[in-house]
Each structure stands twice: as C-alpha cells, then as structure tokens.
Amino acid sequence: MHRLNRKNWLEIGVMTVIFAIAAILVYKTTILTRMTLPRTATQAQAEKGKEYLLKDGDRIEQKFVYPSDELLSAGIQVSLDEDVLKDLTKEDKRRDLGTLHLSVSDAAGAVLTSAEYPVYALADEQNLVASFPETRTGFQDQELVISLEAEGITPDVELAVGYTEKEISHASLSINGEPMDITFNIQTADRQFSYWKQWGAFGAVIVYLLLLLSYLSLAVFRLKPEKAFLVSGAALAVLYLLLLPPLSVPDEEIHLKQAYSYTNRILGEEGVEEGKLRMEKEDFHALQMFETTPSLPEYDKIKEEIMKTGREEGAVEIPHSDTRAPFLTYLPGVAGILFGRILGCNGLLVIYLGRICSILCYLAAMYWFIRILPYGKPAGFILAMLPMTIQQCCSYSYDSVVIEAAFLYLAVLFRLIYQKDPIKKTQIAAYVIFMILLSVCKGGTYMPLCLLTLLIPWDRFGSKKKKWIFTGVMASAAIAAFMGSTLRSVLFVVSPTEEQAAGAYLAGETYGTAGLLENPMEFITLSVRTLFLSGDGLIETMFGMQLGWLDIYVSRIVIYGLLLLLILSALKVEDGNCRFAPEVAFSHKMLYLVVTLLSAAMIFVSMFISWTPRESKEIFGIQGRYFLPLLPIAILLFYNKTITIKKDMGRKFMFAAVCLQCVAIYGILMSLERVL
C-alpha cells in the first residue's frame, strides 16, 4: 500500500502554495479583466435586405423583454450610405445633417438612460446605444422601451434600421404611434461573461487536479507512464476543449464538414451536387455559432445552449470542398457526429460529441503508444503531452489520426527492432494495420517510414529469407494501399485537370509539378531559404508555440523546456535502466536520419507544387505540425554513449512536462484575451 511520507506532504504543500499564488494572479490579470469587458448581445436579429428608411420627424418605440439581470446599454443598429455622407461633410465637417435622439425607458415610461447622435458623425452599421454610467442590475424579464426620434434628417444619407418579420416573443413596434408587425434589430450590452466567471473556479480546480494527480501517480503510486498519462492527458484534453472551441484549430471547419459528409453517406442522405454538403438546419445553425477566432460572447453562447433539447427541422445545402482524405482519418469525428444525430441531440452537442470522440481516441492511442514502446516511455509521455499534439488530436483535423497512427507504428517498430522476445502475431497484425494507415494518410507523405522495416533483425524471423519475404510483403501492402486509396488525391495535386487547376488555390499561379521538373534548383534554393528564414519557427510550431489559427501564443519557455526534456529523456542512463536500447547503432541512426529527411522533403515538395506562387522567396504553407509524426525517430538521434545521465530522472521529466503545460494553459488564456 502506498502512503504519503513527510517529504510527499511537504512537496504537495509547496506545490499548493505556489499554485494558489499563481491562481490568484491569473484570476486578477486574466479572468477578472474579461468579466468587466462589455458583452454585446443581439436580442432581435434583422433579416438581410429588410430595412426601414428613417424620415424626418419619425418617432419609433421598440418594446422588448430583456432576459438578463445586468444591463450596460441598449439600442439599435443603423445603416447609411457612407459615400453620400462623406460627400455631404467634405467641405464642412459640422454640417447639420440631423440628429437622432435615443432613450431607454421602463414599462412605466420612466427614462432610464438616453443619448444623442449627430448624423454627420455616424458610420454604416453603427450601434446606437444609450448607456448607463455603470452596470445596472434588476432587469431580469423586465419590459424595456427603446425610443428613437429623428430630427432634421437629410434623406440623401439613406439612414435606415434593419428589421425582421419573424415573431419575437414579447416584442412590439410602433412608428409615429402606429403599431407595426415587424421588429427592429435590438442590441444590448452587459458584463455577464458567465463562462469566464465559472472558468475562474472550474478551470483552476482542473489545473490543480492535473498537478496533484500527476504528482501522486508519478511520485507516490509510481504508476506506469502510460497509466499516468491517462490521468494527465485526460485533464489537459478537457482544458483544451474548454479553451479552444470548434473551428479555432486550423482548417477544422473543412474537416468537420468532411466528417459530416461521411455521416450522410452512412445514413443514406447523399444526393447533392458536387461541391455541396447537405447539413441539417440544427447542425448548420450550431456551426454558424463558431468563429475561427473565438469571441467572448461565443463562449457564453456555448455555455447557455450546450444542453438545450430538441432539433430544428429541415436541411440546407452549403458549399464544401472534398478533402479527398480516406474515411479512416475522420473515424473519431464521424463516430461522434453520427452518435449525436442518431440520438437527436442539439446541433451544438453533436459538434462537441465529434471532438469528445477525438479526445477518447487520442487518450487510447497515446496510452498504447507509451505502453508498446520498449524503451523511452518518459519520452513517449512528453510527446503525447505536447501542446500541438493535444490541440490536433482533440479536434476534427485529420492530423489527429495521422499523428496517432505514426506514433503507434513507430512504437510497434521499435519493439520489433530492439526487443529480443519472439515476434507475436499480434505485433505483426498491428504493424501491418498502422503501416497501411500511414500509407493512405496525407498523400503518402510519411510512407518513407515504412523503409524502417529494414532495421528489424533477421534473427527475429528465424532466417534471412523469412525477413526478406516479410519485408517484400510489407512493401507490397503499403504500395497497394497507397495506389488504392491515395493515388487519386496525389494526382489531383501533381497533375490536376484544367477544371481542377482553375478552381484550385491561386488558380494555376503556383509552381506545380511542371515548375518542379523544369527547374529543380529553384525548389532546392527555396527550400534552403525557407529553412534559414523559418526553420526555428517550424520547430517551435511543431511543439505548439502558435496554436489555433497561429494567433494563440505559448511561451518559448514552455516550448524549449519541452524540447530539452525530450532530449534528456533520450539520453543513456548509467544506472542500467536505459530508456533506449544500447543497440541503437550508427547505421540505425543513419537510416532514421534518411527517412526523416525523405518525409520532410515530401512535405516541402507538396507545398512547393500546390501552395507556393511563382516568384516567391520561400515555400508557402509549411506548418510545424506536419513534422510531428517524425519526432519519435528524430529524438533517437540524440541517444549516444558519450553524454549520459547518472540517475534515472524519467518521472521527474514527466512531471516537469505537466508543469510546463500549466504554463502553456496560462499562455493560451493570455493570448485569448488579446485576440478576442
């Protein structure tokens, strides 16, 4: 039975004090500032193309029921012809073009707040609001009246208010005393960013549990690294799920739509023209809630609607570009969306279920990755805990399955190379499955990894003949999988038809395959320039320094700290508990290096052909995350007999990685404050 000794209690106490101080600072510098920012909400949304043109002398009274307790301001949005306004004010900046008088009253007619807007100072789609000097409370379910009077309005400006003909509960409109069957747009603002209020407590609890449970599992109960990962990885996955909503991960929208299209095929709901996707209205409207760069209201909206019941009837057809990626690369997302649609969940929950399934797949894959590794389990733990690994594996991006397949393939391979036990049929089956999966992912970019089959010693098979038969069968299986599933996608990139080229990125202005064949030196020159100009950035983004759409920054302290931990975990330990077998020969390292360079070259070639415009000074479109599947063999290059560690520090390295992830979480919070 494991018991906490005095040293454990002391370390937990110090960790708790440090965490409490850090949590208070985070709350004051990050959470509290968000809670005091104004939140704009649309109580009634105007329909596109429907506007009421304001006339001189108009008096508008828009009644509505305000749903929240706090109120900072209320008003409506106006539109106008900015070109006309600019011409009218060109010579005289203070020309009298009229004034709009706005006020907000309660049901008894008492004016709560008011404001005046001279027309010459307005802008198109400006919100006219009457604000309180400070947030007022007590407005929950109260009827309010927005009054707007137009005085001396110049008709040339075409000042208008958008409206909707949809029925808005408890809302009514009158213009010059005459009741109308429409509702003007209604804009309000408060400071109730309730998501972040709760994040201040809930997020802190999860982070503390992450630290405490990681410490207990590694230092007290001394769980195996793969079991310790399930504890730490699950907590981090939840944190990333809370902080990075759907579509905030690069290209996630197109991958989500691709996964949705596969669920349509399973449910027999195809039959739309090419370039279109049939999506149920409920799911489409939920999808519209998300933005590539999340906003504070988006977080609150998610919190408010995630558990609502029922589904909206009907379907819509929306634009969609087929990624041509195989079904297997979208399996986790497909499973979640399909499960949600069958159960009749609301659209928001359907989308989140796809991500939750991706998280479960990530936890299972990384657990087996660390477990299968014959050596280097602390390094495997750290690889699974990288910010970029977690971001990609907890999203709809097909990078998640690619990363997981590559890691599992290499884990099985290392076991076949370095362990001396007889080869089991289950190992062969796993090797074949993951190798085929690698062959069909990302246009075969990582197929060079299959060359590592050559490193499996012949004595593991009993004879050289059996080894070469096995190698030939594996090569044939990889090529057959590539030809059957991925060749079409490769041909689309390498040799597109005229129609495909016309609709592709930059519409034929890229180098293309012809540019590569005509001038290979140009490719080499651009590759070298790219490495010199952006090489450090590729390493940093591979680890996760820039998350989301490259606008969420994690400190370099975290990135280079994790890099150092990875290198240290790959060094030889003098006490005999080596985490990499001493048989990592020089010839093995050379093949590891060659395979890494070949896969990296394929990444450069694909981006040169399809994303780099002619006359460019470097290759466009290369992202650090593309190299993440190559990282397990890259760190093997650091194993040597000269630089060693006297004592096994693997568990300390793993806990240090968890601590750095806590710093990364704070970096994400700080970046979200800048971009929201």
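In this predicted model, D251 is found in the loop that runs between helix α4 (225-243) and helix α5 (252-266). The backbone does something worth a look here: phi of D251 is near 65 degrees, which is a positive value in a residue other than glycine. As for its surroundings, D251 counts as partly exposed, since its relative accessible area is 33%.

R324 makes a good companion to D251. Phi of R324 is near 60 degrees, again a positive value in a residue other than glycine. R324 also sits in a loop, this one between strand β15 (315-319) and helix α8 (331-343). With a relative accessible area of 23%, R324 is partly exposed; the cut-off for counting as buried is under 20%, so R324 does not make it into that group.

Another loop position is A108, placed between strands β5 (99-106) and β6 (111-118). A108 counts as exposed, because its relative accessibility is 76% and the bar for that label is over 50%. Following the chain from A108 to E143 takes 35 residues, yet the C-alpha atoms of the two are separated by 9.3 Å.

Moving from loops to a helix, N8 has its place in α1, which covers residues 6-35. Is N8 buried or exposed? N8 is buried, with a relative accessible area of just 8%. The side chain of N8 is not without a polar partner, though: it makes a polar contact with the side chain of Y215, at 3.0 Å. Leaving aside residues up to four places away in sequence, N8 touches R3, Y215 and V220. Y215 therefore turns up twice for this buried residue, once as a polar partner and once in the list of touching residues.

Next come the cysteines. How many disulfides does a search of the whole structure find? The search comes back with zero. A disulfide is a covalent bond between the sulfur atoms of two cysteines. For C345, the closest cysteine sulfur belongs to C357 and is 11 Å away, which is too far for a bond because a disulfide needs the sulfur atoms within 2.5 Å. C659 is in no disulfide either: the nearest cysteine sulfur, that of C662, is 6.1 Å away. The surroundings of these cysteines can be set side by side: C345 counts as buried at 15% relative accessibility, while C659 is partly exposed, with a relative accessible area of 30%.

Now for the whole protein chain. Its secondary structure comes to 21 helices and 19 strands, and its C-alpha trace spans about 95 × 70 × 50 Å along the principal axes. Of the 676 residues in the chain, 51% count as buried. What share of contacts between residues at least 6 apart in sequence joins residues at least 24 apart? That share is 81%.

On the outside, the protein chain exposes about 31400 Å², and carbon and sulfur atoms supply 59% of that area. The charges of the chain come to 62 positive and 70 negative. Take the mean position of each set, and the two points turn out to be 19 Å apart.

Terms used: Residues are numbered from 1 along each chain as its sequence is written. This is a predicted model: local features need pLDDT of at least 70, side-chain atom pairs count only at pLDDT 80 or more; totals for chains, interfaces and linings use all residues. Side-chain values use heavy atoms; hydrogens and water are left out. Helices (H or I, at least four residues) and strands (E, at least two) are DSSP runs, numbered from the N terminus. Buried means under 20% relative accessible area, exposed over 50%, partly exposed in between (1.4 Å probe, protein chains only). A polar contact is a pair of N or O atoms within 3.5 Å; within protein, one must be able to donate a hydrogen and the other to accept it, and residues adjacent in sequence count only if both atoms are side-chain atoms. Contact means heavy atoms within 4.5 Å. Accessible areas come from the Shrake-Rupley method with a 1.4 Å probe; for residues, only the protein chains shown count as cover. Lys and Arg count as positive and Asp and Glu as negative; His and the chain ends are not counted. The place of a charge is taken as NZ of Lys, CZ of Arg, CG of Asp or CD of Glu.
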